[in-house]
Amino acid sequence: MSAGDAKKAEGNEFYKAGDYAKAVDCYTEAIALDDTNHVYYSNRSMAHFAAGNYEAAAADGRQCVTLNPKFLKGYHRAGNALMHLDGSANLKDGVALVEKGLMHFPDNEDLQHLLAQVRGRYTEVEAARKAGLQGPEKLKEEGNELFKAADFERAIPKYTAALKAVTDKTSDLACSIMNNRAACNQQLSNFSAVIDDTTAVLEVQPNNVKALIRRALALEAKERYRIALADIRKVLAIDPTIDIANRAQHRLGAAVRTLKAQKGS
């Protein structure tokens, strides 16, 4: 038995005895010995959940299925934990995670039942959230619904009205509204409007990845390749795994090189 498995076994005994804190400690020691073992994360998630620490349970459940996407228990651990957390965002994540699990285990009745539970809870919480919205938040939500329906031309006035209703134009809410309006204009190829809104966002939130990507793509469409490439490089410095940014960097790099060659000829 490996040292990690020995710590896991010790943690299992504490768990059976109802001493969840000590169980967590043992599983944590096991992870320190081998942080690639998905079972250790699964067991620690189980102990966190039993102790009522749902946020930690969800995090460990997620890590478990990241390490092994075909480990059924991990989806149950994370999904159940997310269902116990406040906020529709956590429930939305729970739905997506359990749906991913069902891609691997489409006939698992327990996972199907969990999905129905999480979806039901999400629908309930989301309805209550929307019912409580007022002023700019309500207008923004109406714009979001139109965006989801691909009705971009009607969504833009909703976002504009929402922005007008926001007192502080540098607030997170204002930036989110401008980013969403930029997304609509991007769909409609209104690239100058995209650049205006995303630039306003970036003046307040210089590392806003969505705004950087949207502005870069709009600048690319207007053949302003060097400035677009600078935005994309900033995105990749923040997160080098973003696929759309990596692909844009290749295109823009090639475009910049072509321009240099043309000037040199």
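**Helix packing and selected residues in a predicted model**

The axes of helix α9 (residues 152-165) and helix α10 (residues 172-187) approach within 9 Å of each other and cross at roughly 160°. In this predicted model, α9 and α10 are therefore roughly antiparallel, the angle lying over the 145 degrees that this term requires. The crossing in which α9 passes α10 is left-handed. On the α9 side, the contact is made by Phe152, Ala155, Ile156, Tyr159, Thr160, Ala162 and Leu163. The α10 side brings in Ala174, Ile177, Met178, Asn180, Arg181, Cys184, Asn185 and Gln187. Sorted by class, the residues of this contact between α9 and α10 comprise ten nonpolar, four polar and one charged.

One member of this contact, glutamine 187, invites a second look. Glutamine 187 belongs to helix α10, and its relative accessibility of 48% makes it partly exposed. Once neighbours within four places in sequence are set aside, the contacts of glutamine 187 are Phe147 and Phe152. Glutamine 187 can also be placed relative to glutamate 153: the two are 34 residues apart in sequence, while their C-alpha atoms are 9.6 Å apart in space.

Helix α9 has a further partner in helix α8 (residues 135-148), and here the axes come within 8 Å and cross at roughly 165°. That angle makes α8 roughly antiparallel to α9. The crossing of α8 and α9 is left-handed. From α8, the contact draws on Pro136, Leu139, Lys140, Glu142, Gly143, Asn144, Leu146 and Phe147. From α9, it draws on Phe152, Arg154, Ala155, Lys158, Tyr159, Ala161, Ala162 and Ala165. The classes represented where α8 meets α9 are ten nonpolar, two polar and four charged residues. Among the α9 residues, Phe152 takes part in the contact with α8 and also in the contact with α10.

The loop between α8 and α9 holds alanine 150. Most residues other than glycine have a negative phi. Alanine 150, although not a glycine, has a positive phi of about 65°. With a relative accessible area of 48%, alanine 150 is partly exposed. A further case is found at glutamate 223, in the loop between α12 and α13 (225-238). Glutamate 223 is not a glycine either, and its phi is positive at about 60°. The relative accessibility of glutamate 223 is 57%, so this residue counts as exposed.

Turning to the N-terminal helices, the axes of helix α1 (residues 3-16) and helix α3 (residues 38-50) come within 11 Å and cross at roughly 20°. With an angle under 35 degrees, α1 is therefore roughly parallel to α3. The crossing of α1 and α3 is left-handed. Here Gly4, Asp5, Lys8, Asn12 and Tyr15 of α1 meet Val39, Tyr40, Asn43, Met46, Ala47 and Ala50 of α3. Six nonpolar, three polar and two charged residues make up the contact of α1 with α3.

Within this pairing, asparagine 43 of helix α3 deserves a closer description. Asparagine 43 has 10% relative accessibility and so counts as buried. Its side chain makes a polar contact, at 3.1 Å, with the side chain of asparagine 12. Apart from neighbours within four places in sequence, asparagine 43 is in contact with Lys8, Asn12 and Tyr27. Of these partners, Lys8 and Asn12 are also among the α1 residues that meet α3.

Finally, helix α12 (residues 209-221) contains arginine 215. This arginine is buried, since its relative accessible area of 17% is under the 20% cut-off. The side chain of arginine 215 makes a polar contact with the side chain of threonine 199, the distance being 3.3 Å. Beyond neighbours within four places in sequence, arginine 215 is in contact with Ile195, Thr198, Thr199, Leu202 and Asp231. Threonine 199 thus appears in the contact list of arginine 215 as well as in its side-chain polar contact.

Methods. Residues numbered from 1 in each chain as written. Predicted model: local features only at pLDDT ≥ 70, side-chain atom pairs only at ≥ 80, totals over all residues. Heavy atoms only, no water. Axes fitted to C-alpha atoms, helices over the stretch in contact; angles between N-to-C directions. Helix = DSSP H or I, 4+ residues; strand = E, 2+ residues; numbered from the N terminus. Parallel < 35°, antiparallel > 145°, perpendicular 65-115°, else oblique. Left-handed = near helix turned anticlockwise from the far one by under 90°. Contact = heavy atoms within 4.5 Å. Nonpolar A, V, L, I, M, F, W, Y, C, P; charged D, E, K, R; others polar. Buried < 20%, exposed > 50% of the residue type's maximum accessible area, 1.4 Å probe, protein only. Polar contact = N/O pair within 3.5 Å; in protein donor to acceptor, adjacent residues only side chain to side chain.
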